[in-house]
Each structure stands twice: as structure tokens, then as C-alpha cells.
Amino acid sequence: MASKLVKALIRSQILPSTRRHFSAPATTQLGEPTGDLVGNHTKKWMQDLSKKSPMELINEVPPIKVKGRTAACEGDTNPALGHPIEFICLDLHEPAVCKYCGLRYVQDHHH
């Protein structure tokens, strides 16, 4: 009996429906479309052209020369600031890149 009363009240729009309507675009709590929020965040990050992006900064570091065929990258000499250790194979002629921090490694040939 109570469920019939609740259904009748929902149909009469006295109580809000618990159904979600997906036809309208998603918005934030402030009513801004979420697509604009992502775009504005990116614009805000890139509007100061005097600062370099993290990728530009890491690309300025020259490739690290390693004796042997394998490099072990931890990201930093301080373990608290680094990342999980990654063993990188240096058999290729171009620099190998650490997937965590972007540091590049090359094999130091003694020719």
C-alpha cells in the first residue's frame, strides 16, 4: 500500500524521481558542461608560455651513458622521490626511454 502511494506521488511530481535522465549533457555542480571543464583546465595549464612543460624539461636532460646492455632506472637517487625500478634493455641504437620518468639511456660503446 505504501509503495502505491510513493509511485502515485512520483507520477504527480510531488516527489522527485530517482531515475537519471541521460539525454542532457553532463554538467558540474556549478552547471558548467564537463567537456568545457577539461578544456579550460588544459588551457589554464598551457597559457603561461614562459614555463616549460614537464616533457620539455625531461627532454633537455641528455641521454645517460651506461656500461653494459641493461640500465636500471629508479627515477632519483633518493628512493622516496623515485619510482619502481625498471630494467631497460639497451640493445637498440637509439636511446631507450624509462616508461615512468622519461629519462633516456644509451649504451656506452668503447670503440
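Helices and strands here are DSSP runs numbered from the N terminus, a helix having at least four residues and a strand at least two. With that in hand, Cys-98 is easy to place: this residue sits in the loop between β4 (96-97) and β5 (104-107). Welcome to a short tour of this predicted model.

**Figure 1. The whole chain, from helices to strands.** The protein contains 3 helices and 5 strands, and reading along the sequence gives the pattern α-α-α-β-β-β-β-β. Of its 111 residues, 14% are buried. About 9900 Å² of the protein is exposed, with carbon and sulfur atoms supplying 59% of that area. Among contacts between residues at least 6 apart in sequence, 35% join residues at least 24 apart.

**Figure 2. Where the prediction is confident, and where it is not.** Mean pLDDT for the protein is 77, and 59% of the residues reach 70 or more. Confidence is highest in strand β3 (residues 86-89), with a mean of 96, and lowest in helix α2 (residues 34-46), with a mean of 61. Please keep this in mind while browsing: where pLDDT is low, the predicted coordinates should not be read in detail.

**Figure 3. The annotated span, residues 68-105.** An unreviewed UniProt entry annotates residues 68-105 as "domain: Zinc finger CHCC-type". In the model, the C-alpha atoms at the two ends of this span lie 11 Å apart. The span is 32% strand and 0% helix.

**Figure 4. Cys-98 and its surroundings.** Is Cys-98 buried or exposed? With a relative accessible area of 2%, Cys-98 counts as buried, because the cut-off for buried is under 20%. Leaving aside neighbours within four places in sequence, Cys-98 is in contact with Cys-73, His-83, Glu-86, Ile-88 and Leu-103. The C-alpha atom of Cys-98 is also 9.2 Å from that of Ala-72, although the two residues are 26 residues apart along the chain.

**Figure 5. Cys-73 and Cys-98, a pair without a disulfide.** Cys-73 is buried, at a relative accessible area of 0%. Why is there no bond between the sulfur of Cys-73 and the closest cysteine sulfur, in Cys-98? The two sulfur atoms are 3.6 Å apart, which is too far because a disulfide needs them within 2.5 Å. Cys-98 is therefore in no disulfide, its nearest cysteine sulfur being that of Cys-73. For the model, the disulfide count comes to 0.

**Figure 6. His-83 in its loop.** His-83 lies in the loop between β2 (70-73) and β3. This histidine is buried, with a relative accessible area of 17%. Not counting residues up to four places away in sequence, His-83 touches Cys-73, Glu-74, Gly-75, Cys-98, Tyr-100 and Cys-101.

**Figure 7. The largest nonpolar core.** In soluble globular proteins, nonpolar side chains tend to be buried together. Which residues form the largest nonpolar core here? The core has 10 residues: Ile-58, Val-66, Ala-71, Cys-73, Ile-88, Leu-90, Ala-96, Cys-98, Leu-103 and Tyr-105. One of these members is Ala-96. Beyond residues up to four places away in sequence, Ala-96 touches Ile-88, Cys-89, Leu-90, Leu-103, Arg-104 and Tyr-105.

**Figure 8. A closer look at Ala-71.** Ala-71 belongs to strand β2 and to the largest nonpolar core. Its relative accessible area is 3%, so Ala-71 counts as buried. Setting aside neighbours within four places in sequence, the contacts of Ala-71 are Val-66, Glu-86, Phe-87, Ile-88, Leu-90 and Tyr-105. Ala-71 and Tyr-105 are 34 residues apart along the chain, and their C-alpha atoms are separated by 7.1 Å.

**Figure 9. Pro-62, an exposed loop residue.** Our last stop is in the loop between α3 (54-59) and β1 (64-66), where Pro-62 is found. Pro-62 has a relative accessibility of 56% and counts as exposed, because the cut-off for exposed is over 50%. How far apart are the C-alpha atoms of Pro-62 and Leu-103? They are separated by 8.5 Å, with the two residues 41 residues apart along the chain.

How values were computed:
Residues are numbered from 1 along each chain as its sequence is written. This is a predicted model: local features need pLDDT of at least 70, side-chain atom pairs count only at pLDDT 80 or more; totals for chains, interfaces and linings use all residues. Side-chain values use heavy atoms; hydrogens and water are left out. pLDDT is the predictor's confidence in each residue, from 0 to 100. UniProt positions are given in the numbering used here, feature names are shortened, and annotations may be inferred rather than shown by experiment. Buried means under 20% relative accessible area, exposed over 50%, partly exposed in between (1.4 Å probe, protein chains only). Contact means heavy atoms within 4.5 Å. Accessible areas come from the Shrake-Rupley method with a 1.4 Å probe; for residues, only the protein chains shown count as cover. A nonpolar core is a set of buried Ala, Val, Leu, Ile, Met, Phe, Trp, Tyr and Cys residues joined through side-chain atoms within 4.5 Å.
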